[in-house]
Amino acid sequence: MAENVPRRPDGEKVLVGTNGEVASGDPGEKKVLESQGAGQVVGEDCKEQIPMATGSSTDQGAGNDGICLADGLFMERPQSGAVTVGSDITFIARVLSTNILRKPNIRWFKGKWMDLTSKTGTHLQLKEAYDRKTKVYTFEMHILQAKTSDAGGYRCEVSDKDKFDCCNFELAVREVPIQEEVDILSQFRRTSTDVGKEAGELDFSGLLKKREVKMETQLEVDVWDILQKAPSSQYEKIAFQYGITDLRGMLKRLKHMKKEEKKSTAFLKKLDAAYQVDKGHRMRFVVELANPDADVKWMKNGQEIQVSGSKFDFEKVGSRRALTIHHCSLSDDAAYQCEVGDERTITELFVREPPVLITHGLEDQAVMVGQRVEFELEVSEEGALVKWERDGQELKREETFKYRFKKDGKKHTLFINDVALEDAGHYIAKTSGGESMAQLLVQEKQLEVYQSMADLTVRAREQGVFRCEVSDEIVKGKWYKDGKELTPSDRLQITHIGRIHKLVIDSVKPEDEGDYTFVPDGFAFNLSAKLNFLEVKIDYVPRQDPPKVHLDCLGQVPDTTIVVVAGNKLRLDVPISGEPAPTVLWTKADKLISEMEGRLHVENHPDHCVFILEGAEQSDQGVYTVLVRNPAGEDRADITVRVVDVPNPPEAPRVLSVGEDSCTIQWDPPVCDGGQPVLGYVLERKKKKSYRWMRLNFDLWKETTYEARQMIEGVPYEMRVYAVNAIGMSRPSRPSESFTPIAPTSEPTILTVEDVTDTTISLKWRPPERIGAAGLDGYLVEYCKDGEHEWIPAQQGLTDRNSILISSLATGERLRFRVRAVNVAGVSGAAALAQPVTIREIAQRPRICLPRALRQRLVKVVGETVNIMIPFQGKPRPKVSWLKNDQPLDAQTISIRNSDTDTVLFIRNAQRQHSGLYQLEVQIENTQDRAGIHIQVIDKPGPPLYVKVAEVWGLNVALAWQPPQDSGNCEVTGYTIQKADRKTMEWFTVYEHFQRPQCLVSDLVMGNEYFFRVYTENLCGLSEEATQYQDSVYIQKPGMDYKPPSYKQLDFTEPPRFTHPLVDRSVICGYNTTLSCALRGTPKPKVTWYRNQVDLSGDARFRSFCNHGVLTLEIRKPCPFDAGTYSCRAINALGEAESECQLEIREWSKEAAVSPDPAEPWA
């Protein structure tokens, strides 16, 4: 039973009961649910019952109340239903537990093999319950927010040990009615000055660039026809291209379609073997009956279609019957048949889904070796089939799990694990409605040092911290002291957080002094720094000791300049001495620094003072003065603090030039380099509509000009730049203006001069070999005088044609010409003539270019149209004249049209008197050229003459006749002999295409009388009338004591004899020719052809035929080498015979075209 629970727009639920009614929230409002050919569904308002479809053998015998027989497991079966797109529907199955020992196993399927257990989620839910009172198991399948792709056939299977039962049902999903849209353009129509009249819609075409756009019309394809003609290896490719979901089912139905049907007496016009229709469109089946009053039944998958709702329409017009299906969905993809009595006609309907479109394409990516890559694609339909390719090769799931594919609704993802260098390339995702391409760049790992280690000077029991920062967060490393590896302890702490590695030494001791090194794993370099231990020595000094600042006690060369990285903390311990303890003052630019002053403060101790700078900034750099003073005197020292930082971002890069797949950009260095020289730049690019930036260089680029390559032509891009110094990388610059990689086309090809006169020249050329994504706007044609360099345009603007006529040129001038293609990217290279052209008309001898088809006899049927066009050459324009058999043409029935380059002979209604040799002559002054065309107009022949009965014996009649008086202006190809019984006078054909003028009619019925008639046949067909033997022929019954006469046994054997020998022939080189002769001989002789006594049996260029004693040797495209003596030799047991002829092969010439071959009988 199908319990349909859709929701209307107002939120009201709609329930579907077991009686097939649709009941809304209002008890008074009821409809009859449209039946889809499942179970017996009876509503309160519907008295007609629909026969139940048997989903399995156990389905038979189920009653209206859903109670099955004892051998079935279902107590209540799921029934077919219909639902509107976006609504919910529930299918229910119930199983009685009294006949089983344990809980049954139930499975839900869609189609033939799609198990729905793994498809559960927000869209599909499976539930089950058990009622202990009634001992009934209830299983439910809920489809939430139904889609058109949910339509189709479903199956429910239940099993328990050795018991099994199943039931088929269908789901139809209707489209939501589309409301009529408001014509917004009507609000913008311009009105004319006359009241009440419209001036038409606004025309914005003037704002667009005029360019010819070639529209490609999509041809309608027949999937059934494609599957019938395609080999089995191409089935899966065709299914992916045209969106076929049930390929096995279609192939099975296609196999039944190929069976030939018997001739039907009930149908004048049957259904075609298969039809196809797009989803959502209308389909109409039409048949024509022999009996206009006969009743028909329309069936779908073997079940009768009933009148219900607006889904199906039945039409009856005269002898025609039609079935119309509205808003076709996937559930309508089935086998349909029309039955009239015991006869039927069957067809298959294929509902084609719309192509799957790509709503969000792939994006380019750049990764390091060993990383994981994810290409994400979003399509327009859920569950669509997507094919992934790399550089033209399809990607499939491998045993090594190199590639993994994931489907999540409309999103499809390709995972590439452990990327290697060979994985770089272009990746393409294809659907039935389009494709998307992205580029993957794979680079070797290169570790960059963002912050190196600095030397430390610490005092006893203080903490020493070594810190460094690298570019890769995954990289680990080891710490060494004087070449020995360090391990963590109570005083040593080794940490790794992200890209920062730290070594912390607590309570520094004198033995901790030394060189400390950090070595990253897998990279051949290290970072080193030195730890200096500051030992404070207390010496006895006199009581009155002047103060002193000890800047040189660090054990190194005094350097009053201290460099600190912006954002870091600077702590400077300055030892001092003096007795009594001196007073310490810190100043910067004569401004006193207090002990507690925000980020900048000092600390005073008896033996040293501390200068602390928290979060260094650029404004903190400068010269700091420390002044120590006591009664014995004073001392001072200047300390220069320089704050270094990452550089400022460069200005937005400028696009200098754009190529087919490249772009050259330039930028200015940053205004502030951060106190350290700029080491180089890092560049990134992205597609304009994307959010993912892809790095272009992994080594620092030193210049301020860069050429980016490997771009996709026609796709807009943006670029930005980072500046890098010893401190780190700056923020990115503003993106450049978007640009599209395009390039001018290649130069036009094959520029030639077509014609030259005294003032004009005609040029033509072919399009460029490479046009590119920018298309082609037109061509620029220019010329200049020979010896000069000033090119003059041949016309204003561009021409979109591949030819041009340049006029108003000076006679006798020598000019050079060139053609260049123009598009958005600029002007292409020039295609120029090799030599200058003199503007002067060139005299040319007349020459007729006779087409190859007219060099042989032209055969036409009476009533057909004769239209012959013959091109010719010659300058100035030749004079053209036509003759027929050396006589002028009849102007009333034959039309002639002449132009500068051709002449046309036209006969609207050809008659036999138009046959003959037509002679064409073109003449210029005293020179001329001639050609001849043989036209043969043929008609149906007349009837044979004098049909008579030569002899009658037994059940045989011998007939003889004479050839017809009128052969129809061509050779008689045979005769058709018919007989008729005097009782019925129905004519039956005895022989067809019979060659001889006599025949023997056998197997006649004894005691019957027969009439005989004969038709003549030629190339046009049978004669209009037949010649009939006037009297009837009676087949007598033999007597009781019939003694057959004795005949002398005749000997029909004879040696081979040529009744028509070979004839010498002269043919034109390059055209197929034949040699023929006639031979008699019994038994059948063995025939061998020779050329110059060489056997031709093994040569593929020669073919021999034998047809009723006529021997023919065909020579394919003979050359002068094939000339010589040809012989035909026939041998049987009684003897042999031989016939010879000479074959001459001559080159083609005008005389050969005019004079026919003397060997042809019609010449």
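A disulfide is a pair of cysteine sulfur atoms within 2.5 Å. This is a predicted model, in which local features need pLDDT of at least 70 and side-chain atom pairs count only at pLDDT 80 or more, while totals for chains, interfaces and linings use all residues. Residues are numbered from 1 along each chain as its sequence is written, and side-chain values use heavy atoms, with hydrogens and water left out.

**View 1. Cysteines and the search for disulfides.** Zero disulfides are found when the whole structure is searched. C468 is buried, with a relative accessible area of 0%, and C784 is buried too, at 1%; buried means under 20% relative accessible area, exposed over 50% and partly exposed in between (1.4 Å probe, protein chains only).

**View 2. The nonpolar cores.** A nonpolar core is a set of buried Ala, Val, Leu, Ile, Met, Phe, Trp, Tyr and Cys residues joined through side-chain atoms within 4.5 Å. The largest has 48 residues, of which W108, M141, I143, F285 and L349 touch the most other members. A second, separate core has 23 residues, among them L600, C609, Y624 and V628.

**View 3. Confidence along the protein.** The average pLDDT, the predictor's confidence in each residue from 0 to 100, is 81 for the protein, and 83% of the residues score at least 70. Over residues 1-70 the pLDDT stays under 50, and the model has 147 contacts (heavy atoms within 4.5 Å) for this stretch beyond four places in sequence. Residues 1158-1163 also have pLDDT below 50, with seven contacts in the model beyond near neighbours in sequence.
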